[in-house]
Amino acid sequence: MSEKEKYKPDDDNELVSRCKRGDLEAFETLVIKHQKKMLNIAFRMVNNCEDACEIVQDAFFSAYKGIQSFKRRSSFSTWLCTIVINTSRNRLQQNRTKLSHEQFSLDDPIITDSGSMRFELASDCPSVAEQLEKKEMQDRVQVCIEALETEFKEVLILRDMQGFSYEEISDMLSIAQGTVKSRLFRAREYMKKCLLKVFRE
Amino acid sequence: MGCDKIQEQLSAYLDDALSPAEKETIDNHLRSCLKCRKALADLEITVSSIKGLDEIIPPPWLTQKIMTSVKAEAERKKRSLLQKLFYPLHIKLPLEAVVIFLVAITALYVFKNMEPELKTRITPSEETVSEYAEKGKARQLRPKVKKQSQSPGGMSSNKDETAAGSPSHQERGQLPAPLSEQFIYDKKPPVKEKYSEELKAPEKNMLMKSAPSPAGLSAPEELKQERAPQAPGKIISGLSEKEDISLSFKAIDIDSAKRELEEALSDLGGKLVKEEPASDTLIIIGELGSDKLLPFMKKLKTLGYVKEMTPTPMSDKDRVLIKITVSRH
């Protein structure tokens, strides 16, 4: 995405302006428009549909509260992604703390021969995978993503799943573009090795 | 460039995030390196696998849930704004304290401002009371004066007439008994006599009979005559008219008081017309321009205790006669 395109006022501008004046309908429109993307980012981050829904809910709530501080330096979508990523990071941190304190939880991944799997994937969130093979394949990819460190995971999600540019990712995560590039390389290398291993098995 | 270096760039190469030079280098290498071409192919599969992950669809309740929390927040904001305006305890308490303080200050201020007004309202009545008290005193004093100023009976008829022409009837009508008693000794004092006459007609008549009267008239006739104007010139030489004003002046030293009065008269263009010395009383009759009357009165008041017995006449005469009875204080 070029510089020009990036700073071009997006369609959300008018809605954001209305939100700033306290228009709840405008905010609802923004929610409907962006919730899917945000939910998917959150879901890939935490690999849990319930948690992802809560993250999105919290993120939109934070966005509403902080809408006055949104200066339009980036698009509303980018700004919202930053909030979702940060909320997801916090959630992961919480979960990690929780796990270290709890010996056993029903939500813990079930360790199987082929790795670990979660209950949620098949429960609340409707899986669109119709073919068993495809679903299996997707589960394996998800397992590999899950194994990534947060800093690599988020770059991979933002670039390969959501298609954000290096520049946008750099803005969202407040890191240099070179760092985005190197983190992405390492994330992909890991994914390649992980998937090759999984496929071989 | 080694394969490791090339493979490090493949990720960016795939994203088309390399400079044209870097891209060309990699293109050239790939043409000759099967291993790197394999690495690129694997990478492409990996990325497409990730990209190929199905998106999850938000549950239908998500929007509603988000909006519920947002609306609650909006409500809370609105309420807290109202609370800030109407209910904030942290503002209300000091506000109440401030308001009470202001009310107290205002009340004090109003009270302070009202006080002088109350005083000014009270003052006149006090003055009135003191005036009355002074008048009463004066009345009591008069007999003394009159007693002291016993003078030839010739004067008396003249003074009687003066009194007849003067106002303050009511005041005189209410004169207490001692005055009439005094009248027995002396009928000269101008003011009271006539009324004493009226009040104590029999006594008066008796006196009148005994006193040298112009004609040997019977008592009722004498009264009539007394009320009728007479020529005072016969009695007070050089004075063709009765005094316009009668004053009682009290001083410590009569002689110095006389001098001061003379001086005051002459200062204001007047003159001493006549003086009648007695044991400890002095009657001075002075003549003064009517326009100088008020300054003269003021001057007198600075010299000693003055009681005006007849009110200042609104005379149209150029000059007025003032009778001043000087007595020891």
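Biologist: Why are α1(B) and α2(B) called oblique to each other?

Modeller: In this predicted model, the axes of helix α1 (residues 3-14) and helix α2 (residues 20-32) of chain B cross at roughly 120°. Roughly perpendicular covers 65 to 115 degrees and roughly antiparallel begins over 145, so an angle of roughly 120° belongs to neither class and α1(B) and α2(B) count as oblique. Their axes come within 11 Å.

Biologist: Which hand does the crossing of α1(B) and α2(B) have, left or right?

Modeller: α1(B) passes α2(B) in a left-handed crossing. On the α1(B) side the contact is made by I6(B), Q9(B) and Y13(B), and on the α2(B) side by E22(B), K23(B), I26(B) and H29(B).

Biologist: What makes up the contact of α1(B) with α2(B) by class?

Modeller: Three residues are nonpolar, two polar and two charged. Ile and Tyr count as nonpolar, so I6(B), Y13(B) and I26(B) fall in that class. Glu and Lys count as charged, so E22(B) and K23(B) are the charged pair.

Biologist: What makes α2(A) and α3(A) oblique to each other?

Modeller: The axes of helix α2 (residues 12-20) of chain A and α3(A) come within 7 Å and cross at roughly 140°. Roughly antiparallel requires an angle over 145 degrees, and roughly 140° does not reach that, so α2(A) and α3(A) are oblique. α2(A) passes α3(A) in a left-handed crossing.

Biologist: Which residues make the contact of α2(A) and α3(A)?

Modeller: D12(A), L15(A), R18(A) and C19(A) belong to α2(A), and A26(A), F27(A), T29(A) and L30(A) to α3(A). By class, five are nonpolar, one is polar and two are charged. Asp and Arg count as charged, so D12(A) and R18(A) are those two.

Biologist: How many residues of chain A are in contact with chain B?

Modeller: 37 residues of chain A are in contact with 28 residues of chain B. On the chain A side, α3 (24-46), α4 (49-65), α6 (132-147), α7 (150-161) and α9 (177-200) each supply at least two residues. The largest share, ten residues, comes from α3(A). The chain A side divides into 25 nonpolar, four polar and eight charged residues.

Biologist: How many helices and strands does chain B have?

Modeller: Chain B has 13 helices and five strands. Among its 329 residues, 28% are buried. Of the contacts in chain B with a separation of 6 or more, 71% join residues 24 or more positions apart.

Note on methods
Residues are numbered from 1 along each chain as its sequence is written. Chains are lettered from A and ligands numbered from 1 in the order in which they are written. This is a predicted model: local features need pLDDT of at least 70, side-chain atom pairs count only at pLDDT 80 or more; totals for chains, interfaces and linings use all residues. Two residues are in contact if their C-beta atoms, placed from the backbone, lie within 7 Å. Helices (H or I, at least four residues) and strands (E, at least two) are DSSP runs, numbered from the N terminus. Axes are lines fitted to C-alpha atoms, for helices over the stretch in contact, and angles run from 0 to 180 degrees between N-to-C directions. A crossing is left-handed if the near helix is turned anticlockwise from the far one by less than a right angle, and right-handed if clockwise. A residue is buried if 20 or more other C-beta atoms lie within 10 Å of its own, exposed if 12 or fewer, and partly exposed in between; C-beta atoms are placed from the backbone.
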